[in-house]
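The following exercises concern salt bridges, burial and strand pairing in a single protein chain. Each task is followed by a worked solution.

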Amino acid sequence: MQGREHHLKRMKELMESIPAPAFVMSAEGVFLGGNSRFTELAETNGDSSDKPVYDVLPPCMAGVFKEKLSSGSLEELFGGRYVFHNCDGRYYELLNSTHDAGYIVYIHDVTRRILAQKQLEEMNEELDRLVDEKVGEAERSLEELSAVYEGISDGLALVDRAGRLIRTNYNFKVLFAIDEDPGTIEVEDLFHHEEWGKLERFFQNPASRSFALSDVKCLGSNGKIFYADLNIKEVDCRENTYRLFVVRDVSERRSLMHQLEILARFPEGNPNPIMRINTAGKLNYSNHSGKDLLNKIGHPEDKPLTIFDNRLLEASLRDGKSRKDEIEAGDKVYSCNIVPMNDLGELYIYMEDITDNRLYQSYLRLAADVFENSSEAIMITDKKGDIVDVNRAFTEITGYARSEIIGRNPRVMKSGKHDQEFYRRMWDAVLKEGHWRGEIWDRRKDGKLYPKWTSISVVRDKYGEPTNFIGVFSDITKMKESEQYLQYLEHYDTLTDLPNRTLLNERLTLAIEEAEAESLCIAVAYLDLDGFKYINDNFGHSQGDAVIKEAAGRMLGMMKKSDTVARVGGDEFAFIMKRVKDPTDAATRMKGVLASFDKSFVVDDNEVFLTATCGITMYPDDGKTADKLFVNADTAMTFAKDSNRAGLGFFSADMNQKAVERLKLETALRRAVEKCDEFVLHYQPRVDSATGRIKSVEALIRWISPTLGFVSPGEFIPLAEDNGMIIPIGRWVVRQCARDLYEWCAMGLEDMRVSLNLSAKQFNHENLGKLISDECLRNEVSMKMIEVEITESTVMQNPESAAKTLLKLKEMGIKVAVDDFGTGYSSLSYLKRFPIDTLKVDRSFVMDIPNDNDDIAITRAIISLALSLNLKVTAEGVETAEQAQFLRGEGCHEFQGYYFSKPMPRPAIDDLLLKGSITP
């Protein structure tokens, strides 16, 4: 029972969506319910369910319904076969749709049609009367009748017995799309062949003078079928009999019926929202999809709808015309068909989700934008290869305007650099594989040739047949130029235009092959400019580059054309000398190169002199491969630099052994730096010259290798400075000193100071100050407990920069001492400007006191200079009482040397520091 009530409730909701009076009845004639428009027509209170239908219907229908129900012929009332004349003066016919519960009956207002038919009947009567009147009067009346004839809204046609059109009104011509003389048209051609059989049966019955058919298939414009109600009547005129065809287009009625059937079967299952609203915008009906939409956007059903454009709604109600609109609701876009129902004062709105279509259109617009704005040229051709479209990049690259190239074949741009076989293979690939990519040379409109990287694809129809070809290409002229430049960069040095290491290796490999075939000798030399770093540091890299270029030109000018001069590093050059007679011949050539540096270089209007060191190796005596010869030449140069600066040396076999030993040392040192567990610090005290009290200690690193044993600092420190490992070693020293200072502070030695030796690379490192500061903070020790020692030569490499670094260290509270003073060439004016605290007299001046008068004089002068500048003086290498006595007499403040203490590790140094002083 509940299911039936639910079903009826749903049915009533459906009825409300029908824009005309409608009701539901069972097959037995029981009234099940009607919509609000039926209630108004039948003038019922709306609560008439389960009554006989004829008790609910308007009086004009009730009797006939009761009669037909009793006789079981209810179907005769439907489909326009019966017309009811209501008491309100309007005419109705009934349309029905079968439903599980019985019938859905739609009451169709046909008042206009009935009145038109009556008007036609009156016109026919008038026509019969006029035929019998006088000719003159008939002619006048016929003119009036013609106006009425043309004004009828239905289509009218007079047809003779042979079936030819005699006369039609305007609306008949419109319905059947007749634009020629009607007399040439046979009426049979205006109807579907299925319908003509029915009409022929009427024509063949002599007793039948009138006939009516509903929903007749008629042929309109271009043979398009439309449906019409047809009334045919025979008319006698002047002893001739004609047939009058009255045609009414019922396509709209059929459409309503179709919608009625759809609404009867699928309204709630329709995935698109369907709504009906009144003039106030309030919702009168909505299917489930519409309700879901309103719930999704949070719009109450009992409030006026705000998702539609009120101006469009008002306009549709005002002029009765349907309109379309697009709205956004939630995350969807809908197309809305707005249909006014003026007799009800409502609007019927059918919404269709077009989100995907809008997105597709957006994609199409995006594709069009991509096509037009692509940086690559795009060309589309038809299946014959003729161009149908190009983008802007195409016109920019080729020089052809779009209007100039459309319709032409791309062969107009052929460069002539490719033969027919090339194009045949290309098109074979396109047709077989669907695409082709490669480099093509083409011709621009101005005739210039250019290379392009091209991709060609084929577009096929559903049958697999080619319909279009798409070519995408880019101008690779600049890329080609870049490739040439890259090839240049790959083989040449950009500063000097000399071959680089790559080309040097290739040339030496070829030279070895030639020499091997002809039993010739080759000399390979490596050359390094001495002191070039000074020019870069003091005059800048641009001036340094200028010197390198001039030096390269000088060296190239000293060599034969068959020789090769290459730049293999910042200030390093390599030479290949082919067809040398012997080592003496090679030495003679390289001495000429070294002699070219006797002439000065002008840097910033200053004359600067450079020297060079050269190492030479011979093929095939010293090596038979390019790599071996390069290594030998480099080794010979290194040994020449170590033994005789600004000289020349030849490779010898024992150099290999020394190079191997150096390599072993470097490998072991790298491993030690990585582990940091092979280094230890020894500390040597610095004592007050008057009291013997220990004032500070100098930290000295020691390396005990598990494979090499004890390695002297004189061996590994220079190596570490050359390969850059001095930086991580120095970092370890600072960290360890800070830890030891922390422990000494805990032992009550807060006044102790540690002196750190800095190499040139450490001193010039940008993070020096931060490194010391971070380690002091980490170990909670004062930076006043740190002193840095730098050599005189280090500060004089770049005095201006050194002064700034020293000032930053002083501002941090760090003391500064200049080590090995007297061994360099420092200017006294610079010395005065440096913010230093201590001068350390080098041990080379102390070791021969008191036996060497020169050392006595130099030491006395250094001490005097320091005292005059208010600097402390520390003497290194004090090993005898006589030396200590002399230095004390000259005013030296501190002693350091084996006479007082040798460097000691912890904890041995701890005991000495706790003692506080040293008495030799």
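By the rule that a side-chain nitrogen of Lys or Arg lies within 4 Å of a carboxyl oxygen of Asp or Glu, the count comes to 42 salt bridges. The model is predicted: local features need pLDDT of at least 70, side-chain atom pairs count only at pLDDT 80 or more, and totals for chains, interfaces and linings use all residues. Residues are numbered from 1 along each chain as its sequence is written, and side-chain values use heavy atoms, with hydrogens and water left out.

**Exercise 1.** Determine which residue forms a salt bridge with Lys452, and whether Lys452 is buried or exposed.

*Solution.* Step 1: the partner is Asp442, with the closest N and O atoms 2.7 Å apart. Step 2: Lys452 belongs to strand β19 and Asp442 to strand β18 (residues 435-443), ten residues apart; strands are DSSP runs of E with at least two residues, helices runs of H or I with at least four, numbered from the N terminus. Step 3: Lys452 is buried because its relative accessible area is 5%, where buried means under 20%, exposed over 50% and partly exposed in between (1.4 Å probe, protein chains only). Asp442, at 7%, is buried as well.

**Exercise 2.** Locate the residues of the salt bridge between Glu787 and Arg686, and place strand β32 among its pairing partners.

*Solution.* Step 1: the N to O distance of this pair is 2.5 Å. Step 2: Glu787 lies in strand β32 and Arg686 in strand β28 (residues 679-688), so the bridge ties together parts that are 101 residues apart in sequence. Step 3: Glu787 has 3% relative accessibility and is therefore buried; Arg686 is buried at 2%. Step 4: five of the six residues of β32 (residues 786-791) are buried. Step 5: β32 runs parallel to strand β31 (residues 754-757), joined by four bridges, and parallel to strand β33 (residues 815-821), joined by five; pairing requires at least two DSSP bridges between two strands. Val788 is the bridge partner of Leu756, while Thr791 stands opposite Asp819.

**Exercise 3.** Which parts of the chain does the salt bridge of Glu743 and Arg906 link?

*Solution.* Step 1: the side chains meet at 2.6 Å, N to O. Step 2: Glu743 is in helix α23 and Arg906 in the loop between β37 (904-905) and α32 (908-915), 163 residues apart. Step 3: Glu743 is partly exposed at 38% relative accessibility, and Arg906 is partly exposed at 25%.
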